[in-house]
Amino acid sequence: MRILVPGGAGFIGSNFVHTLHHERPSWEVTVLDAMTYAANPATVAGFPTGTEVVAGSITDATLVDRLVRSHEVVVNFAAESHNDAALASPEPFVQTNVVGTFTLLEACRSHGARFHHVSTDEVFGDLPLGTPEAFTEATPLRPSSPYSATKAGGDVLVGAWARSFGVQATVSRCSNNFGPFQHVEKFIPRQITTLLDGGRPQVYGTGANVRDWIHVDDHNSAVLALLDQGVPGKAYLIGARCEKSNLDVVRTLLELFGLAPDFYDLVADRPGHDLRYAIDPSLLEGDTGWAPAHTDFHSALKETVDWYRDNEQWWRPTKAATEEFYRSRA
């Protein structure tokens with residue numbers, strides 16, 4: 001089996017490459033990545049032997065067509081995904097998340113490749129705080145930000161190409177991921193690396209916003225399950241039923257660092273900041289039998305802290321620029 005992994009040098013995609021190495025060792029893996037700031041060269045250098053890496057954009061129709069022609073499966077992780085950056089400059093998000101998805105779909109249509117599109121629960125907007133309500137596959141798309149709106153646009157293209165053209169395509173919408181190789185601009189690694197530097201975590205608003213957390217390895221095991229058993233034309237939700245407020249996460253990190261539970265600063269909230277995400281993954285579980293392995297959030301978070309503590313050379317080169325970006329947005 002030959003599999004093309006657009007966005008494979010980013011956080012979730014690079015972990016997926018390692019998952020393939022362990023779970024599908026006979027598969028030939030090609031990574032296509034634009035090698036933007038989110039693709040750490042050290043991540044690429046650590047790929048398993050035999051992984052082919054191609055530098056290029058999913059909006060390059062000629063390159064995409066050439067690569068898809070020689071692969072049976074495409075799993076698309078490529079995306080612009082930084083909400084704050086989308087507020088500052090939405091256009092790159094439209095290009096990658098909408099035009100890029102279209103370009104991949106057209107190549108898969110031409111060459112009969114199986115296509116899986118990795119998306120986000122943010123396409124649904126948000127849920128009220130303090131309720132048992134959760135997103136399901138029937139929840140209407142109601143994106144709040146330029147980022148989530150462009151992801152929703154890509155999602156509906158996938159559904160249309162499956163229905164109109166018979167592309168063997170599935171979509172997965174996942175809750176917030178955490179784990180190794182995540183860029184320090186994201187919530188959990190930013191707090192971890194700030195604490196490692198002796199700084200105080202910064203939390204938007206009151207810290208009450210709730211996210212449904214899943215370890216990246218569990219996300220990727222679900223994607224593999226959908227490649228094997230997912231029904232073309234369907235969109236599935238991936239989640240671990242692990243809702244935590246941002247303040248809960250920060251206080252857990254402070255506990256792991258042996259610091260006081262009030263050792264953090266509240267900062268002005270982000271425009272359009274969604275209140276709460278929660279996923280009901282029952283359809284995925286029923287169709288595939290999948291279940292998450294990392295069910296103890298405290299332990300999984302400790303392992304993530306240990307990874308960043310042990311791999312400073314990986315995250316250090318991007319830390320200063322990330323913090324400068326946030327200062328410029330304050």
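Biologist: At what angle does helix α8 run to β9?

Modeller: Keep in mind that this is a predicted model. Helix α8 takes in residues 216–229 and lies across both β7 and β9. Taken against β9, its direction comes out at about 70 degrees.

Biologist: And α11, which strands does it lie across?

Modeller: That helix spans residues 297–310. Its direction makes about 55 degrees with β7. The strands it lies across are β7, β9 and β11.

Biologist: What is the strand order in that three-stranded sheet?

Modeller: The sheet is open, and its pairing is mixed. Its edge strands are β7 (176–178) and β11 (243–245), each pairing on one side only. From one strand to the next the twist averages 50 degrees. Reading across, the order is β7-β9-β11.

Biologist: Which residue stands opposite Asp212 in β11?

Modeller: Strand β9 covers residues 210–215, and it pairs with β11 over three bridges in the antiparallel sense. Within β11, the residue opposite Asp212 is Glu243.

Biologist: On to the seven-stranded sheet: why do β3 and β10 each have one side without a neighbour?

Modeller: This open sheet is put together with parallel pairing, in the order β3-β2-β1-β4-β5-β6-β10. β3 (52–55) and β10 (235–238) stand at its edges, so one side of each is left without a neighbour, because each has a single partner strand.

Biologist: How much does that sheet twist from one strand to the next, on average?

Modeller: The strands concerned are the seven in the order β3-β2-β1-β4-β5-β6-β10. From one of these to the next, the twist averages 20 degrees.

Biologist: Which strands of it does helix α6 touch?

Modeller: Helix α6, residues 146–165, packs on the sheet. Its direction makes about 155 degrees with that of β5. The strands it touches are β5 (114–120) and β6 (169–174).

Biologist: Is β5 buried or exposed?

Modeller: Look at its two faces: Arg114, His116, Val118 and Thr120 lie on one side, with Phe115, His117 and Ser119 on the other. Both faces are covered. With seven of its seven residues under the 20% relative accessible area cut-off, β5 is buried.

Biologist: How many bridges join β5 to β6?

Modeller: Take the β4 side of β5 for context: β4 (73–76) and β5 pair in the parallel sense over four bridges, with Val74 partnered by Phe115. On the β6 side the strands run parallel too, and Val118 stands opposite Ser172 there. The number of bridges joining β5 to β6 is six.

Biologist: Which residue of β2 does Arg2 stand opposite?

Modeller: Strands β1 (residues 2–6) and β2 (residues 28–33) run parallel and are joined by five bridges. The residue in β2 opposite Arg2 is Glu28.

Biologist: Now the helices: why is α7 largely enclosed by the rest of the structure?

Modeller: Its buried residues include Ile188, Arg190, Ile192 and Leu195. They pack against β7, β8, β9, α9 (246–256), α11 and α12. α7 is largely enclosed because, out of its 10 residues, the number buried is eight.

Biologist: Which residue with a positive phi follows α7?

Modeller: The helix itself runs over residues 187–196. After it comes a residue whose phi is near 85 degrees, and that is Gly198.

Biologist: Where does α12 bend?

Modeller: Helix α12 has 18 residues, 312–329, and spans 25 Å from its first C-alpha to its last, close to the 26 Å expected. Even so, there is a bend of about 40 degrees, and its place is Lys319.

Biologist: Which elements cover the buried residues of that helix?

Modeller: The buried residues are Trp314, Trp315, Lys319, Thr322, Glu323 and Tyr326. Elements covering them include α2 (41–45), α4 (83–88), α7, β8 (202–204) and α11.

Biologist: Ala320 lies in α12 as well, so is it buried or exposed?

Modeller: In space, Ala320 sits 9.8 Å from Val184, C-alpha to C-alpha, though the two are 136 residues apart in sequence. Its relative accessible area is 56%, and the cut-off is over 50%, so Ala320 counts as exposed.

Biologist: Last one: how far apart are the end C-alpha atoms over residues 4–303?

Modeller: An unreviewed UniProt entry annotates that stretch as "domain: NAD(P)-binding". Over it the chain is 41% helix and 17% strand. The distance between its end C-alpha atoms is 29 Å.

Technical notes
Residues numbered from 1 in each chain as written. Predicted model: local features only at pLDDT ≥ 70, side-chain atom pairs only at ≥ 80, totals over all residues. Heavy atoms only, no water. Pairing = 2+ DSSP bridges. Axes fitted to C-alpha atoms, helices over the stretch in contact; angles between N-to-C directions. Contact = heavy atoms within 4.5 Å. UniProt positions renumbered as here; feature names shortened; annotations may be inferred. Expected span 1.5 Å × (residues − 1). Bend = angle between axes of the 7 residues up to and from the residue. Buried < 20%, exposed > 50% of the residue type's maximum accessible area, 1.4 Å probe, protein only.
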